[in-house]
Amino acid sequence: MANNPLTIYALPLNIAAASRNENLAAVRSALETLPQAADILVLPELFSTGFIADAEQIRIHAEPDSGPTMTELRSLASRHHIAICGSLLGCNSERTEFYNRGFFIEPNGETAYCNKRHLFGLSPEAKLMTAGRTSYPTVRFRGWSIGFGVCYDLRFPVWSRNRMVHGSPAYDLFIYVANWPSVRGYALDTLLRARAIENQAYIVCCNRSGEDVYGQYDGQSYMDDFHGRVIAQSEGAAPIFMTAEREALEASRRKLTALLDADNFKIEF
């Protein structure tokens, strides 16, 4: 199979609280100034608002899939011929349920979604949001199989377990979007490396930068290879990037066939 490299950028945005327009402007600016062509831009968890702990404010700022944030991102993905992955404060059409909603938008507008399954019990998120009821999806993009998930779900390895599907691994790259504070930075780094090693896949985590009422975040975005080695780590809000190489990934999987020995299982909801 051709090498078919994939270049991924992560934007550790210093999220402006509850300010969709300001955060979207930062994304537009970043896309205009990326130093080289990219295939995927990854944004932090809840990139357009940050965490909101008040039920009425959640109701005001939450958006359906057809809302202004997703409409703008689809336009940017098309204009720049790039996929965009992140999460936002979402809701159903009746505005009776609210989600931490992950998304992967392709340049043609096709979009895959997932809702954060494990809501953080030490914050109001677990009381105010609705947990996801399905497994995380994988998408096929530019010859790569890609999975994606949201922040706290990283702590639950079954949730992103790679599997063999029709003789091939379900994904080659897994993306986590996060608001993971620096006080738990060692855990974040360790868990990302573990996910890369156990799933024999590239791992990207785009965390926010700056600070909010929950903590500080700088330097906590990572890009790891399939051996769990850090390829890039953020410093502040500047983008980081990695070019994933398929030949190296497949050579490693041929040398160590651990995925062929993995267990089959089902997740029940």
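Just after helix 3, His81 takes up a positive phi of about 55°, and in this predicted model a comparable place is held by Gln200, which follows directly on helix 5 with a positive phi of about 50°. Two further residues belong to this topic, although they sit in loops. Arg95 has a phi near 55°, a positive value in a residue other than glycine, and its place is in the loop between strand 3 and strand 4, the latter running over residues 98–105. Since its relative accessibility is 26%, Arg95 counts as partly exposed. Arg142, likewise not a glycine, has a positive phi of about 50° and is found in the loop between strand 6 (138–141) and strand 7 (144–150). With a relative accessibility of 33%, Arg142 also counts as partly exposed.

The helices can be described next, beginning with their lengths.

| Helix | Number of residues | Span between end C-alpha atoms | Expected span at 1.5 Å a residue |
|---|---|---|---|
| Helix 1 (20–33) | 14 residues | 20 Å | 20 Å |
| Helix 3 | 13 residues | 18 Å | 18 Å |
| Helix 5 (185–199) | 15 residues | 21 Å | 21 Å |

In helix 1, the residues Asn23, Leu24, Val27, Ala30 and Leu31 are buried. Because these residues cover an arc of only 115° around the axis, they are placed on the same side of helix 1. An α-helix has 3.6 residues a turn, so residues three or four places apart point the same way. On the other side of helix 1, Asn21, Glu22, Glu32 and Thr33 are exposed. The buried residues of helix 1 pack against strand 2 (40–42), helix 3 (68–80) and strand 3 (83–91).

Helix 3 can be read in a similar way, with Thr69, Met70, Leu73, Leu76 and Ala77 as buried residues. Seen down the axis of helix 3, they fall within an arc of 120°, and therefore they line one face of the helix. The elements against which these buried residues pack are helix 1, strand 3, strand 4 and strand 5 (111–115).

In helix 5, the buried residues are Gly185, Leu188, Asp189, Leu191, Leu192, Arg195, Ala196 and Asn199. They pack against four strands and one helix, namely strand 10 (173–178), strand 11 (202–207), strand 14 (222–224), strand 15 (230–233) and helix 6.

Two strand residues show how parts of the chain come together. Ser87, which is found in strand 3, is buried, with a relative accessible area of 0%. Leaving aside its neighbours within four places in sequence, Ser87 is in contact with Pro44, Glu45, Leu46 and Phe47, with Asn100, Arg101, Gly102 and Phe103, and with Val150 and Val177. The C-alpha atoms of Ser87 and Pro107, which are 20 residues apart along the chain, are separated by 17 Å.

Tyr113 lies in strand 5. Its C-alpha atom is separated by 6.8 Å from that of Arg101, although the two residues are twelve places apart along the chain. Not counting residues up to four places away in sequence, Tyr113 touches Asp65, Met70, Arg74, Arg101, Gly102, Phe103, Pro137 and Phe148. Among these partners, Met70 is also one of the buried residues of helix 3, while Arg101, Gly102 and Phe103 are also contacts of Ser87.

The pockets complete the description. The largest pocket has a volume of about 340 Å³, and of the 24 residues that line it, the closest to its centre are Phe51, Phe120, Ser123, Glu125 and Asn179. By class, the lining of this largest pocket has 17 nonpolar, two polar and five charged residues.

The second largest pocket has a volume of about 290 Å³. Of the 17 residues in its lining, the closest to the centre are Met164, Gly167, Ser168, Pro169 and Arg253. Two elements give two or more residues to this lining, strand 9 (168–169) and helix 6 (246–255), and the largest share, four residues, comes from helix 6. The lining of the second largest pocket divides into six nonpolar, five polar and six charged residues. Helix 6 therefore appears in two places in this account, since the buried residues of helix 5 also pack against helix 6.

Note on methods. Residues numbered from 1 in each chain as written. Predicted model: local features only at pLDDT ≥ 70, side-chain atom pairs only at ≥ 80, totals over all residues. Heavy atoms only, no water. 1 Å grid on protein atoms, 1.4 Å probe; cavity = no way out; pocket = protein on both sides within 12 Å on 5 of 7 lines; lining within 4 Å. Points joined across faces, edges and corners; volume = space filled by probe spheres on them. Nonpolar A, V, L, I, M, F, W, Y, C, P; charged D, E, K, R; others polar. Expected span 1.5 Å × (residues − 1). Buried < 20%, exposed > 50% of the residue type's maximum accessible area, 1.4 Å probe, protein only. Arc of directions from axis to C-beta. Contact = heavy atoms within 4.5 Å.
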